[in-house]
Structure formats: C-alpha cells, structure tokens
Amino acid sequence: MSSLPVYFWRLAPDGYATRRQLRARGLRPGCQDVAAQLERPRRRRGPLVAYLYRVDRAKPVRPMTPAKWAALAKANAARRTCPACRRDAGYVIPASLGTCVPCAYPDPEASGL
C-alpha cells in the first residue's frame, strides 16, 4: 500500500479537487480512489483532512430520474409536516422543537384559559 501525497492547505496542485469542488463542476469521483490528501493545521488538535480526487478521471453527475425527484419531494414534505397537528408548516420543522411553532408555543389567550 503506497502512502498518499500530502499537501498543505491551499497549496494543492491543479488537477485535484475535493468532492464538493467536483460537485460544483458537475462531476463526481466515479470509481477512482483517493489521489491525494490536503491538511489544514489547527492549534490544539490534529489537522483537518480533506481527500482529493483527480479531475481528469472524474465522471459527470448522473441526472435525476423522475422517481428520484418524487422521493426527494416526499422526503421534503415529511420534514415540513408537523407531527402534532399534521399540517404542512410551510418550512422545515426545527429539530430542537420537534413540532411547528404554533404547536410548540401555543397561545394561551386563543385557547380561552
């Protein structure tokens, strides 16, 4: 097993990219292995590591199929549906609340208390 070349932060040569950088160009790593490693030093902990892939071996991103679009729409609708009142909140329900804002903070004057 050979070791990967390691580059310091912002000093990687042209032709290498992270997964996010590939995705921004409309590419994906494909079946290639990690080609290099990028390290960003930190003061009190180990360095941050990012894996680099070769751009010339990257493949185009697969297009979304109608079934994938439907599954994504269903998942997003589930994130907007309040489990307490079963209504579409119109926004993604915060995980910290677990319900929509009106259910999490009911108005005591509106309930007649």
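Buried means under 20% relative accessible area, exposed over 50%, and partly exposed in between (1.4 Å probe, protein chains only). This is a predicted model: local features need pLDDT of at least 70, side-chain atom pairs count only at pLDDT 80 or more, and totals for chains, interfaces and linings use all residues. Residues are numbered from 1 along each chain as its sequence is written, and side-chain values use heavy atoms, with hydrogens and water left out.

**Exercise 1.** Find the salt bridges and classify the accessibility of Arg-80, Arg-54 and Asp-56.

*Solution.*
- Apply the criterion: a side-chain nitrogen of Lys or Arg within 4 Å of a carboxyl oxygen of Asp or Glu.
- Search the whole structure; 2 salt bridges turn up.
- Take Arg-80: its side chain meets that of Asp-88 at 3.3 Å, N to O.
- Arg-80 has 25% relative accessibility, so it counts as partly exposed.
- Take Arg-54: its side chain meets that of Asp-56 at 2.7 Å, N to O.
- Arg-54 is partly exposed at 27% relative accessible area. Asp-56 is exposed at 57%.

**Exercise 2.** Describe the surroundings of Thr-99.

*Solution.*
- Check burial: the relative accessible area is 16%, so Thr-99 is buried.
- List contacts (heavy atoms within 4.5 Å). Not counting residues up to four places away in sequence, Thr-99 touches Cys-82, Pro-83, Ala-84, Ile-93, Pro-94 and Ala-104.
- Look at Ala-104 again: the Thr-99 side chain reaches its backbone nitrogen at 3.4 Å.

How values were computed. Polar contact = N/O pair within 3.5 Å; in protein donor to acceptor, adjacent residues only side chain to side chain.
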